[in-house]
Amino acid sequence: MEDILPSEIAGALADARLSNARRRTKYRVRHDFRDLPVIELTNDGFVIEADGRPPLRGYVDIYLASERVLRSLVICTWARDGLVGYEFKHDSLVSEIRPDHAPPKHAGLLSSGS
């Protein structure tokens, strides 16, 4: 259908679809200081909108509203039409991640030596 539409109208339709997907999403991906809406989330990865910056690298956190639900090592697998796709290489549910501030189990067992 987009073959018979003028390019301006086809572009406006694509922008409207992306805007609608951005508005409907409940998930966000956070990496360093970047916080981006997830357009599509699957078992194997996710899709975000390209923002002109280099692709995400390393570990990212996936949030549902303000609650972190997943931490994952990701790799960029494709980029086209203003979208970027990432694949999970290693992921952990938040319930499996030990908080950074938790003391080790043996904390406080050592004497001060005085």
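1. How exposed or buried is Asp51? Asp51 is partly exposed, with a relative accessible area of 31%; here buried means under 20% relative accessible area, exposed over 50%, and partly exposed in between, with a 1.4 Å probe and protein chains only.

2. This is a predicted model, in which local features need pLDDT of at least 70 and side-chain atom pairs count only at pLDDT 80 or more, while totals for chains, interfaces and linings use all residues. Residues are numbered from 1 along each chain as its sequence is written, and side-chain values use heavy atoms, with hydrogens and water left out.

3. The structure contains 7 salt bridges, a salt bridge being a side-chain nitrogen of Lys or Arg within 4 Å of a carboxyl oxygen of Asp or Glu. One of them pairs Asp51 with Arg34, with 3.1 Å between the closest N and O atoms. Asp51 sits in the loop between β3 (45-49) and β4 (58-64) and Arg34 in strand β2 (residues 34-41), so this pair ties together parts 17 residues apart in sequence. Strands (E, at least two residues) are DSSP runs, numbered from the N terminus. Arg34 is buried, its relative accessible area being 12%.

4. Asp51 also meets Arg53 in a salt bridge, at 3.3 Å from N to O.

5. A further salt bridge links Asp61 and Arg71, whose closest N and O atoms are 2.9 Å apart. Because Asp61 belongs to strand β4 and Arg71 to strand β5 (residues 67-80), the pair ties together parts that are 10 residues apart in sequence. Asp61 is buried at 10% relative accessible area, whereas Arg71 is partly exposed at 30%.

6. Arg28, Arg30 and Asp35 are joined into one network by salt bridges that share partners.

Notes. Helix = DSSP H or I, 4+ residues; strand = E, 2+ residues; numbered from the N terminus.
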